[in-house]
Amino acid sequence: MSQKPEDFFKNVISHCKEYGYIFPSSEIYDGLSAVYDYGQYGAELKKNIREYWWRAMVQMHENIVGIDAAIFMHPTTWKASGHVDAFNDPLIDNKDSKKRYRADVLIEEHVVKIEDKINKEVEKAAKRFENFDEAMFRSTNARVKEYQDKIDSINNRFKNAMDKGDLAEVKQIIVDCEIVCPISGSRNWTDVRQFNLMFSTSMGSVAEEGNTIYLRPETAQGIFVNFLNVQKTGRMKIPFGIAQTGKAFRNEIVARQFIFRMREFEQMEMQFFVRPGTEMEWYEYWKKARLKWHQSLGLGNEKYKYHDHLKLAHYANAACDIEFAFPFGFKELEGIHSRTDFDLKQHEQFSGKKLQYFDPELNQNYVPYVVETSVGLDRLFLAILSAGLKEEELEGGDKRTVLNLPPALAPIKAAILPLVKKDGLPELAEKIMKELMFDHIVTYDEKDTVGRRYRRQDAIGTPYCITVDHDSLNDNSVTIRERDTMKQERVKISELARILDEKVSLKSLLKQL
Ligand code: GAP
């Protein structure tokens, strides 16, 4: 069913709330901006996604191991990594609405509006194609060129200003472009300031300057500082990887789009340590491997694309994003970065400790190069949920809402439904449930008609419903209904565990890699 993307996105958000996937944090106090809680089904789906990533990385690669570093780290970590000095966004306030914006986002949105004008000109021209004369062609061309020149000029000015750290010029661009605050409609702007995205707190009982520590803004640094610990104790030989999942915190100025950009979120990162000079080979390897991992979820290969970074961070010699077609357009889902030896060298310098590897084949010590894969668990969750949510028209004019989650990731793998609440059917259904629950999360439901119960499980995303009817008492068989096709099949109760295992285990996904 076609729906405007913004309406569809609203549906995704309300579906998450209505079916126990995601709630606003501390909702009874009106919520906390850009912070969310995962409900009973959300927590399961999130855990399953994390588990699939972990198994694909750690279990399926002999040379990758996983760690779980603390969120708090020695403050010098963040000096060495560059986050204290450079993990900033340029912000600007509107004095009338008191709203705060990212200056770069205001400028980007202004550029998008000019791009829209170009698109409209082109659309208009295409409609008038039949009687499009020379004069029309010239005037359309002139207008498109004028808009394009404007865009180029703004982009160049902005890039130069940021490269030089000239925040007065960034403000001047906003003034010159006559950008207004969407709330107050005024152009009454403060100066642009750099705003560090790290959250800080103090450790111990005395809140002195020296006690300031940060909530980690990425999990990667916990891996770098443990590089030698893991390499030595695990007798790891290069190339090898260290994986980690965990919370990260960023005081995002513009936090919106639901769980796409949050202030507290979870990352799944892997740092792959390689011999210097081989990093581009490994970078290409991980680019392909990570795309394949995403594609194995079956959300549709057309929903992914690479976005290679043209402008690289000072420590990277190659970087790309895997973008996903979210309801609000293609946006970054995962980053793959060739980070050179920057991080380890910085930590060597700031800690005074050697972070080197002795390569027995070369008979030489060196600081390894690193290829990083970094994906946001919450973004992945949003990708899976928004690709799966569908309104379907059924035969006879009926409709259903169905959540086509990959079966191996679904929170509930099967619902056991007695046809009626009597005649011994609930007892048999419960017996089946108790047997299956050793291996999978399953649920029992006897309330409402069986049709309604199917609809509820469809909306939750449960891939299989197992219905126990009067015949089951005699033939020891049940009906198993598949969520996506709604096809029903009669199977022996004794076969259920095997069938379910085949269809919903992570192994089915891992085998595609
Ligand atoms: N260690 C590299 C690193 O942190 P990043 O591109 O800043 O790189 C990696 O973040 C991934 O983390 C992103 O691709 C995104 O999926 C996720 N992410 C970043 N900021 C986020 C936020 N505020 N909310 C949710 N996910 C976020």
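**Exercise 1.** Find which polar backbone atom lies 3.0 Å from an oxygen atom of the ligand, then describe the ligand's surroundings.

Solution. The backbone atom belongs to G376, at 3.0 Å from a ligand oxygen; a polar contact is a pair of N or O atoms within 3.5 Å. This is a predicted model, in which local features need pLDDT of at least 70 and side-chain atom pairs pLDDT 80 or more, while totals for chains, interfaces and linings use all residues. Residues are numbered from 1 along each chain as its sequence is written, and side-chain values use heavy atoms, without hydrogens and water.

Next, take Q267: an N or O atom of its side chain is 3.0 Å from an oxygen atom of the ligand. For M262, a polar backbone atom is 2.8 Å from a nitrogen atom of the ligand.

Then consider area. The ligand taken alone exposes 550 Å², and the protein buries 91% of that (Shrake-Rupley method, 1.4 Å probe).

**Exercise 2.** Describe the shell around the ligand by element and by residue class.

Solution. The elements giving two or more residues are β10 (264-274), β13 (329-338) and β16 (369-376); strands are DSSP runs of E, at least two residues, and helices runs of H or I, at least four, numbered from the N terminus. The most comes from β13, with five residues.

By class, the shell has five nonpolar, five polar and 10 charged residues. Asp, Glu, Lys and Arg count as charged; Ala, Val, Leu, Ile, Met, Phe, Trp, Tyr, Cys and Pro as nonpolar; the others, Gly among them, as polar.

**Exercise 3.** Determine how helices α6 and α7 are oriented.

Solution. Helix α6 (residues 134-164) packs against helix α7 (residues 167-176) at about 160°, with axes 9 Å apart. The two are therefore roughly antiparallel, the term for angles over 145 degrees.

**Exercise 4.** Locate the cis peptide bond and the positive phi of a residue that is not a glycine.

Solution. The bond from I238 to P239 is cis, with omega near 5°. P239 sits in the loop between α9 (227-233) and β9 (240-249). D30 has the positive phi, about 75°, and lies in the loop between β1 (22-24) and β2 (36-38).

Methods
Polar contact = N/O pair within 3.5 Å; in protein donor to acceptor, adjacent residues only side chain to side chain. Axes fitted to C-alpha atoms, helices over the stretch in contact; angles between N-to-C directions. Parallel < 35°, antiparallel > 145°, perpendicular 65-115°, else oblique.
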